[in-house]
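Okay, thanks for coming, everyone. Let me put the model up on the screen, and then I'll talk you through it.

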Amino acid sequence: MTSFSDHPTPLPARRRRSRRSGRHRGEGAFAIPPDSPALVLAAPGRSGVPGTLAIAELADFARVAHPGLPIHVAHLDDLESVLAGLNPDLSDDMPAAVVVPQTTGPHAQVDAALRAAVDAVDSDDRPIVLAEPLGPHPLVAEALHVRLAEAGLARADRVRLLTMVTAADGILLASTGGEEAVQETEINCVLLASRLAVPVVPVSLDDVPAAGEVARRLKAAGTTRLAIAPCFIGPEADPDQLLGLASETGAESAQPLGAHPSLVQLTALRYAEALEKVLTD
């Protein structure tokens, strides 16, 4: 599990930071000063749908990690009003807010809705920055591994939990957003496969029959215990979709990522990246 820095350091002022060496350079190596622009966690769903509580929990964790920073939660149906209601004290060309999509990878429908809401409010007087999605990223793979281990579907030695005697020998990485999202999540597949040393194949909750065919091919190739790793936080999917996927594929399923601490860290990282780009361009 990753940890947060307790001592804020200034964000860059129109200059690029030197990059740290190492596989996960940058993340966790900073904290966000409390006088920074508002952080808006953008839920990939409408307010009140199943899974939105996880976004609120992520926001609570972010407030603990970054005390004093204005942090808001918005949804696809209220993002524009949340952004319009901000009253920032702008200085040094700082944006009014940085919106961080709470998605684990590109999602055409969600991305378009977020961009439309930001563009409706964005102006020279009230600049709004839309950050990149949380993933793909090794920390997403870490969170997926944890959820699989919690369900008894993966050996958990890589995440400092008890090693499981048995584990799934094939993983269906389930995403939402159609075929394009399936293609984009292949990076997360590679990252998770490198942790588990088993095949990890992307499937879509929006095409259960195709996912069933993928499952049959894996079983024909020798997979004896198939597991589903939901590669989404929660609001992106209808719970019945996940149940349908499990029924069609005969696979056991881990829980969606939910309010995993790694996602809080990734949110801060995407926020800092987006703000750095504005300040150094």
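I'll go through the sheet, the cores and the cysteines.

Ground rules first: this is a predicted model, so local features need pLDDT of at least 70 and side-chain atom pairs count only at pLDDT 80 or more, while totals for chains, interfaces and linings use all residues. Residues are numbered from 1 along each chain as its sequence is written, and side-chain values use heavy atoms, with hydrogens and water left out.

So, the sheet. There's an open sheet of four strands here, in the order 2-1-3-4, with parallel pairing. Strands are DSSP runs of E, at least two residues, and helices are runs of H or I, at least four, both numbered from the N terminus. Two strands pair if DSSP finds at least two bridges between them. At the edges sit strand 2 (71-74) and strand 4 (128-130), each pairing on one side only. From one strand to the next, the twist averages 25°. Strand 3 and strand 4 run parallel and are joined by three bridges; Val99, for one, has Leu130 in strand 4 as its bridge partner.

Now the helices on that sheet. Helix 3 (residues 108-121) lies across strand 1, strand 3 and strand 4, at about 165° to strand 4. Helix 9 also lies across strand 1, strand 3 and strand 4, running at about 135° to strand 3. Those angles run from 0 to 180 degrees between N-to-C directions, with axes fitted to C-alpha atoms, for helices over the stretch in contact; contact means heavy atoms within 4.5 Å.

On to packing. A nonpolar core is a set of buried Ala, Val, Leu, Ile, Met, Phe, Trp, Tyr and Cys residues joined through side-chain atoms within 4.5 Å, and buried means under 20% relative accessible area (1.4 Å probe, protein chains only). The largest one has 47 residues, and Leu148, Ile171 and Leu192 touch the most other members. Helix 9 gives the largest share, nine residues. Apart from that core lies another, of 17 residues, including Leu86 and Val121. Back to Leu192: leaving out residues up to four places away in sequence, its contacts include Ala141, Leu144, Ile171 and Ala229.

Last bit: why is there no bond between Cys189 and Cys231? Their sulfurs are 7.6 Å apart, too far for a bond, and a disulfide needs the pair within 2.5 Å. Cys189 is buried at 4% relative accessible area, and Cys231 is buried too, at 3%. The structure holds zero disulfides.

Note on methods:
Buried means under 20% relative accessible area, exposed over 50%, partly exposed in between (1.4 Å probe, protein chains only).
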